[in-house]
Amino acid sequence: MWIMLNQRLMTVDRLTQWGIEVEKICVMCKREEEIAEHLFIQCNYARRMWDRLLSSIERHTQVPMTWEQFVQWTIMHGKGKRSAAKIVKTVLAEGVYGLWKERNSRIFEHKSRNEEQLVNEIVYITIVGTNHLAVK
Ligand SMILES: [Zn+2]
């Protein structure tokens, strides 16, 4: 999570900076250039996943569109030790990790899942991880 928030993931824009030739287009939507901000928050796939994921834990808020705002938003919603904050933190971390895993399985294994399958998996992990059965 920390790594992602510092935008240090090996996304295509970074590899390209190092002179490594890669497909620059986002594998999730095949429409925009793949930069971390796009992949994790702006991509249509990511938007749909976050909407679904947040409503599954009954947070009907919108994930912000820019990196700066996303970091602020994460801090705001994950603050404190209460179990609600814990669930938000887990869900955010799993959401980011899920997007990253999905992106990699599309590139390296040519397998893809839709956002519904991804969210179901994340919700399951979150319930098991936090032992919180109030999650729908
Ligand atoms: Zn995309």
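These legends accompany close-up views of a predicted model.

**View 1. The chain is built from helices.** The secondary structure comes to 7 helices and 0 strands. Read along the sequence, the pattern is α-α-α-α-α-α-α. The chain has 136 residues, and 41% of them are buried. Contacts between residues at least 6 apart in sequence were also sorted by separation: 53% of them join residues at least 24 apart.

**View 2. Four residues coordinate a zinc ion.** The donors are Cys 26 (SG), Cys 29 (SG), His 38 (NE2) and Cys 43 (SG). They sit at 2.1 to 2.3 Å from the zinc ion. Along the sequence, the donor residues are spaced C-x2-C-x8-H-x4-C. The pair Cys 26 and His 38 links distant parts of the chain, with their positions 12 residues apart in sequence. Cys 26 belongs to the loop between helix H2 (12–17) and helix H3 (36–42), whereas His 38 belongs to helix H3 itself. Both Cys 26 and His 38 are buried.

**View 3. The zinc ion has a tetrahedral arrangement of donors.** The 4 donor atoms subtend angles of 105 to 113 degrees around the zinc ion. Four donors count as tetrahedral if all angles lie between 85 and 135 degrees. The angles at the zinc ion therefore make the arrangement tetrahedral. For reference, the ideal angle for four tetrahedral donors is 109.5 degrees.

**View 4. Helices H4 and H6 cross.** Helix H4 spans residues 44–56, and helix H6 spans residues 83–108. Their axes come within 11 Å and cross at roughly 145 degrees. The crossing is right-handed. H4 contributes Tyr 45, Ala 46, Met 49, Trp 50 and Leu 53 to the contact. H6 contributes Val 91, Leu 92, Gly 95, Val 96, Leu 99, Glu 102 and Arg 106. By class, the residues of this contact divide into 9 nonpolar, 1 polar and 2 charged.

**View 5. Arg 106 of helix H6 is buried.** Its relative accessibility is 15%, so Arg 106 counts as buried. Leaving out residues up to four places away in sequence, Arg 106 touches Val 27, Met 28, Tyr 45, Lys 111, Ser 112 and Arg 113. Tyr 45 is also one of the H4 residues in the contact with H6, as Arg 106 is on the H6 side. Val 27 and Arg 106 are 79 residues apart along the chain. Their C-alpha atoms are separated by 6.9 Å.

**View 6. Two loop residues have positive phi.** Lys 30 is not a glycine, yet its phi is about 55 degrees. Lys 30 is found in the loop between H2 and H3. With 60% relative accessibility, Lys 30 counts as exposed. His 110, another residue other than glycine, has a positive phi near 55 degrees. The loop that holds His 110 runs between H6 and helix H7 (115–130). His 110 is exposed, with a relative accessible area of 70%.

**View 7. Glu 116 of helix H7 is partly exposed.** The relative accessible area of Glu 116 is 39%. The cut-offs explain the class: buried means under 20% and exposed means over 50%, so Glu 116 falls in between. Glu 116 and Leu 53 are 63 residues apart in sequence. From C-alpha to C-alpha, Glu 116 and Leu 53 are 8.9 Å apart. Leu 53 is among the H4 residues that make the contact with H6.

Terms used: Residues numbered from 1 in each chain as written. Predicted model: local features only at pLDDT ≥ 70, side-chain atom pairs only at ≥ 80, totals over all residues. Heavy atoms only, no water. Donors = N, O, S within 2.8 Å, 3.2 Å for Na, K, Ca; no water. Tetrahedral: all angles 85-135°; square planar, octahedral: opposite > 155°, others 65-115°. Helix = DSSP H or I, 4+ residues; strand = E, 2+ residues; numbered from the N terminus. Buried < 20%, exposed > 50% of the residue type's maximum accessible area, 1.4 Å probe, protein only. Axes fitted to C-alpha atoms, helices over the stretch in contact; angles between N-to-C directions. Left-handed = near helix turned anticlockwise from the far one by under 90°. Contact = heavy atoms within 4.5 Å. Nonpolar A, V, L, I, M, F, W, Y, C, P; charged D, E, K, R; others polar.
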